[in-house]
Amino acid sequence: MGQSQPPASDAKLAVARIARELRRHLIFQAQLAADGAPRATADQLAELDRRIARAELDRDRAAFTRLGRQGAADRPAPSARSAARPAPPTPAAPPAAPLPVSAAPRPVADAPLPAPPSPQPPPAPRPALVAPAPRPPADPTSPYKIVDLLNRTNRPARVEAPPADARAAALHQLREELGDCRRCRLCETRTQIVFGHGSPAAELVFIGEAPGRGEDERGEPFVGRSGELLNRMVGAMKLRREDIYVCNIVKCRPPGNRDPNPDELEACAPFLASQLEALSPRVIVTLGADATQALLRTDAPLARLRGQWHHWRGIPVMPTYHPAFVLRNPAEKRPVWDDLKKVMAELGKPV
Ligand code: SF4
């Protein structure tokens with residue numbers, strides 16, 4: 001179809017608009033005739049009226065024609081109309097119930113349909129592979145937090161101890177690093193640091209709590225009556241004092257032989273850990289409740305701990321009573337001996 005020409009009625013409408021303006025002007029002049037102005041005749045006004053009416057009629061016809069073409073284009077073709085079926089009458093929908101506030105939002109028309117429900121029953125919840133071990137209740141007042149930090153290294157099995165000279169060198173270096181230690185207030189009342197004593201190649205290490213007066217004066221752990229009893233205990237194990245190593249949890253004497261405070265245990269614990277790492281003994285024996293609880297980081301009573309094997313970084317630990325306690329309670333020599341016999345067996349010595 002060719003490009004449509006501008007409708008002729010548009011030009012006629014323009015002429016009609018001019019004629020309407022001219023007519024109004026002539027009427028206006030006629031109203032002013034009394035003042036001597038020229039007047040339009042009746043024929044002139046009738047001619048203007050005809051032109052205006054004709055232009056308006058052409059305009060209305062053109063508009064009617066455009067509406068007729070547009071309606072024909074919007075209607076479907078006869079074939080399409082014949083293929084279309086009348087839609088069945090739609091029953092009136094019941095009034096919609098108000099949605100509850102918590103109702104889910106309606107799905108969008110383009111959203112995928114939800115999958116049909118599976119005929120399979122829902123799988124049973126899988127049990128946990130490893131049940132979490134119950135954690136002991138934390139004791140905020142426990143002084144053994146730092147020892148727990150030291151024990152956190154999970155060494156599954158004890159590694160082979162380095163040669164004796166290497167262990168001696170490590171101990172010497174550690175003592176140099178300790179120097180004139182002033183990391184806790186125990187330095188203010190001590191006479192000297194009691195680092196430890198014995199063979200760097202010892203397979204057995206005894207650990208006490210803290211130096212007493214005699215140890216503080218001599219600079220050696222386990223002297224005096226407690227030391228003498230320890231020597232007898234070691235002798236009963238077919239060992240000499242020179243064959244073992246002896247040290248304490250803290251290296252300086254608490255004033256009045258009081259128990260070390262938590263911050264003092266915390267300050268000195270790294271040195272004990274380094275000391276034990278350097279020695280790499282086969283067995284550790286803790287003497288007394290304080291040393292046992294500090295090393296193993298537990299508040300359990302010694303009566304429940306002693307006689308049983310525990311471990312510190314893979315090294316077997318046997319807790320037993322302190323010689324000073326045995327001196328006050330001679331009846332406890334028997335259980336101590338029972339504990340030491342287990343140590344002998346661990347070391348491969350005949351019991
Ligand atoms: S007890 Fe240990 S940390 Fe405290 S001053 Fe003595 S060596 Fe240093």
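**Burial, core and ligand shell in a predicted model**

With 12 C-beta neighbours inside 10 Å, K238 counts as exposed, and this residue is placed in the loop that runs between α7 and β3. Its phi is near 65°, a positive value in a residue other than glycine. The model in which these values were computed is a predicted one. A contrasting case is offered by S280, which is situated in the loop between α8 and β4 and is buried, having 22 other C-beta atoms within 10 Å. S280, although not a glycine, likewise has a positive phi, of about 45°.

In overall terms, the secondary structure of the protein comes to 12 helices and six strands, and buried residues make up 27% of its 351 residues. Among the contacts in the protein with a separation of 6 or more, 74% are accounted for by residues that are 24 or more positions apart.

The largest nonpolar core comprises 48 residues, of which V205, I207, I244 and I249 touch the most other members. At least two residues of this core are supplied by each of β2, α7, β3 (245-248), α8, β4, α9 (289-296), β6 and α12, and the largest share, nine residues, comes from α8. In soluble globular proteins, nonpolar side chains tend to be buried together. When neighbours within four places in sequence are left aside, the residues in contact with I249 are I207, E209, A210, P260, L265, C268, L272, A291 and A294.

Two of the residues in contact with I249, A291 and A294, are also found among the buried residues of α9. Helix α9 is mostly covered, since eight of its eight residues are buried; these are A289, D290, A291, T292, Q293, A294, L295 and L296. The helix is followed by R297, for which phi is positive and near 50°.

Helix α12, spanning residues 333-347, has 15 residues and reaches 21 Å from its first C-alpha to its last, which is close to the 21 Å expected at 1.5 Å a residue. Within α12, the residues V336, L340 and V343 are buried. Seen down the axis of α12, the buried residues fall within an arc of 50°, so they line one face of the helix. On the other side of α12, by contrast, R334, D338 and A345 are exposed. The buried residues of α12 are covered by elements that include β2 (204-208), α7 (224-236), β4 (283-287), β6 (315-320) and α11 (323-328). Just after α12, G348 takes a positive phi of about 80°.

The ligand, finally, has 14 residues around it, and of these C181, C184, K251, C252 and C268 come nearest. Considered by class, the shell around the ligand has 10 nonpolar and four charged residues, with no polar residue. The largest share of this shell, three residues, comes from helix α8 (residues 262-279), the helix that also gives the largest share of the nonpolar core. C268, one of the residues that come nearest to the ligand, is in addition among the residues in contact with I249.

Terms used: Residues are numbered from 1 along each chain as its sequence is written. This is a predicted model: local features need pLDDT of at least 70, side-chain atom pairs count only at pLDDT 80 or more; totals for chains, interfaces and linings use all residues. A residue is near a molecule or strand if its C-beta atom, placed from the backbone, lies within 6 Å of it. Helices (H or I, at least four residues) and strands (E, at least two) are DSSP runs, numbered from the N terminus. Ala, Val, Leu, Ile, Met, Phe, Trp, Tyr, Cys and Pro count as nonpolar, Asp, Glu, Lys and Arg as charged, and the others, Gly among them, as polar. The expected span of a helix is 1.5 Å times one less than its number of residues. A residue is buried if 20 or more other C-beta atoms lie within 10 Å of its own, exposed if 12 or fewer, and partly exposed in between; C-beta atoms are placed from the backbone. The arc is that of the directions from the helix axis to the C-beta atoms. Two residues are in contact if their C-beta atoms, placed from the backbone, lie within 7 Å. A nonpolar core is a set of buried Ala, Val, Leu, Ile, Met, Phe, Trp, Tyr and Cys residues joined through C-beta atoms within 7 Å.
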